[in-house]
Amino acid sequence: MAALKSAAVTALDTSIQRKSAYRGNVQLIPVEVSTDAADGTHSIAFSDTLPPNTELIAIRLEHTAIGGTTNTLDIGYTGDADAIIDGADVSSAGVVDYPAEAGTTTVGGGGPIAVGGKAIIGELKGTMSSDTINGYILIVTDE
């Protein structure tokens, strides 16, 4: 029986890999958004600018039912506000995940997303009135 290797393990055969590419350090960015905001579009800063070679690997956000005329949440990074999640419905209490199950609002493909040198941002369309968005974002870095 032939032994198969993942691409990351195969790369180890030829050279040392940077930590973020193989066995990197996973770090948690806590998310807690709770404010009152009128109906409209609101920017959310989930992180500051991240170190080089950083990759986003997971998002898990629980939210209350957010009212308003549109009721969606986009998540992306500097320069592309909906690169990771585009138009997640937040009109009913629920969860926004990345990676997500097939057929959901994830647009990032499910694999790690390069966010080095960028900030993770979001755009909420809706009305927050004693509403919350809580959870975490996981990244992997060389640090």
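The following questions and answers walk through a predicted model of one protein chain.

Student: How many helices and strands does the protein chain have, and in what pattern do they follow one another along the sequence?

Tutor: The chain holds one helix and nine strands. Helix H1 covers residues 7-12 and is followed by a loop that leads to E1. Read along the sequence, the elements therefore give the pattern α-β-β-β-β-β-β-β-β-β.

Student: What share of the contacts in the protein chain with a separation of 6 or more is made by residues 24 or more positions apart?

Tutor: The C-alpha trace spans about 55 × 35 × 20 Å along its principal axes, and 31% of the 143 residues count as buried. Among contacts with a separation of 6 or more, those between residues 24 or more positions apart account for 77%.

Student: How much area does the protein chain expose, and what percentage of it do carbon and sulfur atoms supply?

Tutor: The exposed area of the chain comes to about 7800 Å². Of that area, the part supplied by carbon and sulfur atoms is 51%.

Student: How far apart are the mean positions of the positive and negative charges of the protein chain?

Tutor: The chain carries 7 positive and 18 negative charges. When the mean position is taken for each of these two sets, the distance between the two means is 15 Å.

Student: Which strand supplies the largest share of the largest nonpolar core?

Tutor: In soluble globular proteins, nonpolar side chains tend to be buried together. Here the largest nonpolar core has 29 residues, and those with the most contacts inside it include Leu 56, Ile 59, Ile 84 and Ile 137. Several strands each supply at least two residues of this core, among them E1 (25-33), E3 (55-63), E5 (80-89) and E9 (133-141). The largest share, four residues, comes from E5.

Student: With which strand is E3 joined by eight bridges?

Tutor: E3 pairs in the antiparallel sense with E7, residues 113-114, over two bridges, and Leu 56 has Ile 113 as its bridge partner there. E3 and E6 also run antiparallel, and they are joined by five bridges. The strand that eight bridges join to E3, again running antiparallel, is E9.

Student: Which residue of E9 is the bridge partner of Ile 59?

Tutor: Ile 59 is one of the residues with the most contacts inside the largest nonpolar core, and in E6 it stands opposite Tyr 98. Leaving out residues up to four places away in sequence, Ile 59 touches residues including Ile 75, Ile 84, Val 96, Tyr 98 and Ile 137. Its bridge partner in E9 is Ile 137.

Student: Is Thr 54 buried or exposed?

Tutor: Thr 54 is found in the loop between E2 and E3. Not counting residues up to four places away in sequence, it touches Ile 113, Ala 114, Val 115, Gly 116, Ile 139, Val 140 and Thr 141. Because its relative accessible area is 1% and the cut-off for burial is under 20%, Thr 54 counts as buried.

Student: Is Pro 52, in the loop between E2 and E3, buried or exposed?

Tutor: Beyond its neighbours within four places in sequence, Pro 52 is in contact with Gly 116 and Gly 117. Its relative accessibility is 61%, and since the cut-off lies at over 50%, Pro 52 counts as exposed.

Student: How far apart in space are Ala 21 and Glu 55, C-alpha to C-alpha?

Tutor: Ala 21 lies in the loop between H1 and E1 and is partly exposed, with a relative accessible area of 37%. In sequence, Ala 21 and Glu 55 are 34 residues apart, whereas in space their C-alpha atoms are separated by 8.8 Å.

Student: Which residue does a cis peptide bond join to Tyr 98?

Tutor: Tyr 98 is the residue of E6 that stands opposite Ile 59. The cis bond has an omega of about -5°, and the partner of Tyr 98 in this bond lies in the loop between E6 and E7. That partner is Pro 99.

Student: Where is Asn 71 found, and what is its relative accessible area?

Tutor: Phi of Asn 71 is near 60°, a positive value in a residue other than glycine. Ser 130 likewise has phi near 60°, but it is placed in the loop between E8 and E9 and counts as exposed at 65% relative accessibility. Asn 71, by contrast, is found in strand E4 and is buried, with a relative accessible area of 10%.

Conventions
Residues numbered from 1 in each chain as written. Predicted model: local features only at pLDDT ≥ 70, side-chain atom pairs only at ≥ 80, totals over all residues. Heavy atoms only, no water. Buried < 20%, exposed > 50% of the residue type's maximum accessible area, 1.4 Å probe, protein only. Contact = heavy atoms within 4.5 Å. Areas by Shrake-Rupley, 256 points an atom, 1.4 Å probe, with all protein chains shown as cover. Lys, Arg positive; Asp, Glu negative; His and termini not counted. Charge placed at Lys NZ, Arg CZ, Asp CG, Glu CD. Core = buried A, V, L, I, M, F, W, Y, C linked by side-chain atoms within 4.5 Å. Pairing = 2+ DSSP bridges.
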